[in-house]
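Take a look at the chain below. We will go through its fold step by step, from strands to helix and back.

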Amino acid sequence: MAHRYRCGECRFATRWTTESEVGDLAAAHYAENHPRLVLGGIVEINQKNPNSLGCLSMLGIAFLLLVIVATCRR
Ligand SMILES: [Zn+2]
């Protein structure tokens with residue numbers, strides 16, 4: 001899973017990264033750009049990991065199921 005922080009004060013958004021790093025990036029952004037404000041904004045969560053081959057493995061599983069169904073019907 002990937003996390004991304006969106007600032008509540010400006011249009012800043014971090015890159016997709018880990019949950020713990022998002023917290024650090026958000027704190028750093030607020031310290032630099034909104035030093036007098038309490039940390040706000042939202043964290044977006046991407047269920048798909050952009051670094052994994054999740055989509056490909058799903059296709060592989062679907063293909064395997066098709067092969068199994070095809071062989072069982074013979
Ligand atoms: Zn900001």
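How many of the 5 residues of E2 are buried? The count is 0, so little covers this strand, given that a residue needs 20 or more other C-beta atoms within 10 Å to count as buried. Keep in mind that this is a predicted model.

Start with the overall layout. The protein chain holds 2 helices and 2 strands. Along the sequence they follow the pattern β-α-β-α. Burial is scarce across the chain: of its 74 residues, 7% count as buried. Contacts do span the sequence, though. Take those in the protein chain with a separation of 6 or more: 43% of them join residues 24 or more positions apart.

Now the strands. E1 and E2 pair in the antiparallel sense, over 5 bridges. One pairing is easy to find: tyrosine 5 has valine 43, in E2, as its bridge partner.

Arginine 4 gives another view of this region. It sits in strand E1, which covers residues 2–6. Is arginine 4 buried, exposed or partly exposed? It is partly exposed, because it has 16 C-beta neighbours inside 10 Å. That number lies between the limits of 12 or fewer for exposed and 20 or more for buried. Isoleucine 42 is 38 residues away from arginine 4 along the chain, yet their C-alpha atoms are separated by 8.4 Å. Leaving aside residues up to four places away in sequence, arginine 4 touches Ala13, Thr14, Arg15, Trp16, Val22 and Glu44.

One of those contacts, Val22, leads to the helix. H1 runs over residues 19–33. Its 15 residues reach 21 Å from the first C-alpha to the last, close to the 21 Å expected at 1.5 Å a residue.

Which residues of H1 are buried? They are Val22, Ala26 and Tyr30. These three lie on the same side of H1, because they cover an arc of only 65° around the axis. The spacing fits a general rule. An α-helix has 3.6 residues a turn, so residues three or four places apart point the same way.

What do the buried residues of H1 pack against? Their partners are E1 and strand E2 (42–46). The other side of H1 has exposed residues: Ser20, Ala27, Ala28, Ala31 and Glu32.

Put the pieces together. Two strands pair in the antiparallel sense, and the buried residues of H1 pack against both E1 and E2. Even so, E2 itself has 0 buried residues.

How values were computed
Residues numbered from 1 in each chain as written. Predicted model: local features only at pLDDT ≥ 70, side-chain atom pairs only at ≥ 80, totals over all residues. Helix = DSSP H or I, 4+ residues; strand = E, 2+ residues; numbered from the N terminus. Contact = placed C-beta atoms within 7 Å. Expected span 1.5 Å × (residues − 1). Arc of directions from axis to C-beta. Pairing = 2+ DSSP bridges.
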